[in-house]
Amino acid sequence: MELNDIRARIDGIDANLTKLFVERMQTVADVAAAKQSTGKAVRDRARERSVINRVTAQAGDAYAPYVKDLYRLIFELSCNYQSALMGEKSALGAQIEAACAQYAGGKMPNRALVACQGTEGAYAQQACEKLFEYPDILYFNSFDGVFNAVEKGMCEYGILPIENSTAGSVTQVYDLMEKHSFHIVGARRLRVEHQLMRKKGASGPIREVVSHEQALRQCSEFFDAHPEYTPVPMANTAVAAEFAATTERDDVAVIASKACAELYNLEIVQTSVSNAQSNYTRFICISRNMEIYPDARKVSIMFNLPHEAGSLNAIISRLAIAGVNLTKLESRPMPGREFEFRFFFDLEADVHDPEIVKLLCELERRTERFVFLGAYEER
């Protein structure tokens, strides 16, 4: 048989498949109506398992694995369609729409009381001054202190590092997200230029280099080249710079920003000690209130999933079907639950689009615990 004849035969089969698939989806609509009237959940794992066992047995051993994959996809499409049909707007949807309406035509204020971790000269301060033209800054010793200041209303906003282009995610901040109630309302990428500095007048050999643990990781190649230097983590780059400037020891240096050199009267020993010249840190701006401004095009969510095969793939597949770009996926272990994880997604999406709001409400229904962290502009 010629190839064209074989393809013509396949076209005929495809036509029948399409007709049957449409008929199946029309029947799925009836299933959705029945479930909605009885309050049953969209997903029925026992039913899916029964169907897969039946159709794979009909297919025979040679085709059973392919039929199994086909029906898993069919189930995903079916559940997505049912969710859309049953998709009454949740409280989350109403909150998002209210926030969009409240801040329509507006922009983030240029004056605010802002919480930052560290002290004067910290990279968080620099990020804060990029986000706010005239900020009043309160400094806290820890990231937890920043979250608490915002959550309890002490400060209107807080600035937190979330990710570095060289050293990766700031996992401590991700872990604290579970403990606190907040919303991300803005984000800024800040170029980080690490300098090696020491107290002016110090002339002896350097034995210890202090800095924040993330900054030390971002300069790992520098330490590989100087095994005589011992890296010592401290709470913040600016705190480390202040320590290096005030300690009586002459064998201590610090890795921090040029601003710290000027602020604490330190001498720059070596410039640009980062592993990569293009070194950026993402900072998020958090608020107690859900503030969604017109330029918000990034969405962050946090959720838990059942510990079973395919649960994460189902969420990712749903985003792909909706044409939503997943720009970051972070997983963190859940305390007290062995090998189970909490997931954080960053999405390119506009919550001013009703279809995106419907999608988020659907994801909320399909996950064990869902938290909308915020919709915001990142610069």
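**Close-up views of a predicted model**

**View 1. The largest cavity.** About 240 Å³ of space lies in the largest cavity. This model is predicted, not determined by experiment. The cavity is lined by 17 residues, and those closest to its centre are Y123, P161, H212, Q214 and F283. Four elements each give at least two residues to this lining: helix α5 (123-131), strand β3 (157-164), helix α8 (213-218) and strand β11 (280-287). The largest share, three residues, comes from α8. By class, the lining has eight nonpolar and nine polar residues. No charged residue takes part in the lining of the largest cavity.

**View 2. The second largest cavity.** The structure holds two cavities of 30 Å³ or more. The second largest has a volume of about 80 Å³. Its lining is made by 15 residues, with I162, Y174, M177, S300 and D346 closest to the centre. Six elements each supply at least two lining residues. They are α7 (171-177), β11, β12 (298-304), β13 (325-333), β14 (341-348) and β15 (369-376). Strand β14 gives the largest share, three residues. Ten lining residues are nonpolar, one is polar and four are charged.

**View 3. The buried pair R282 and D346.** D346 is among the residues closest to the centre of the second largest cavity. The side chains of D346 and R282 meet in a salt bridge, 3.3 Å from N to O. R282 lies in strand β11 and D346 in strand β14, so the salt bridge ties together parts that are 64 residues apart in sequence. Are R282 and D346 buried or exposed? Both are buried.

**View 4. Two salt bridges of E378.** The side chain of E378 meets that of R189 in a salt bridge of 2.6 Å, N to O. This pair links distant parts of the chain, 189 residues apart. R189 sits in strand β5 (residues 183-191), and E378 in the segment after β15. R189 counts as partly exposed because its relative accessible area is 48%, between the cut-offs of 20% and 50%. E378 also forms a salt bridge with K298, with the closest N and O atoms 3.3 Å apart. Here too distant parts of the chain are linked: K298 is in strand β12, 80 residues from E378. Why does K298 count as buried? Its relative accessibility is 12%, and buried means under 20%.

**View 5. The salt-bridge network.** Which residues are linked in a network of salt bridges? They are E163, R189, R282, K298, K328, E330, D346 and E378. The network thus includes R282 and D346 from View 3, and R189, K298 and E378 from View 4. A search of the whole structure finds 22 salt bridges.

**View 6. The largest pocket.** The largest pocket has a volume of about 480 Å³. It is lined by 19 residues. R43, R45, E48, R72 and A309 lie nearest its centre. Helices α2 (45-59), α3 (64-85) and α12 (311-322) each supply at least two lining residues. The largest share, six residues, comes from α3. Nine lining residues are charged, six are nonpolar and four are polar.

**View 7. Helix α1 and a nonpolar patch.** M1, L3, I6 and I10 make a nonpolar surface patch of about 420 Å². L3 belongs to helix α1 (residues 3-38). N4 lies in helix α1 as well. N4 counts as exposed because its relative accessibility is 60%, and exposed means over 50%. N4 and Y103 are 99 residues apart in sequence. In space they are 59 Å apart, C-alpha to C-alpha.

**View 8. Two loop residues with positive phi.** N265 has a phi near 60°, a positive value in a residue other than glycine. Its place is in the loop between α11 (258-264) and β10 (266-270). N265 counts as partly exposed, at 48% relative accessibility. S272 also has a positive phi, of about 50°, although it is not a glycine. Where does S272 lie? The residue is in the loop between β10 and β11. S272 is partly exposed, with a relative accessible area of 33%.

Note on methods:
Residues numbered from 1 in each chain as written. Predicted model: local features only at pLDDT ≥ 70, side-chain atom pairs only at ≥ 80, totals over all residues. Heavy atoms only, no water. 1 Å grid on protein atoms, 1.4 Å probe; cavity = no way out; pocket = protein on both sides within 12 Å on 5 of 7 lines; lining within 4 Å. Points joined across faces, edges and corners; volume = space filled by probe spheres on them. Nonpolar A, V, L, I, M, F, W, Y, C, P; charged D, E, K, R; others polar. Patch = residues over 30% accessible without salt bridge, like charges linked within 9 Å, V, L, I, M, F, W, Y side chains within 5 Å. Areas by Shrake-Rupley, 256 points an atom, 1.4 Å probe, with all protein chains shown as cover. Buried < 20%, exposed > 50% of the residue type's maximum accessible area, 1.4 Å probe, protein only.
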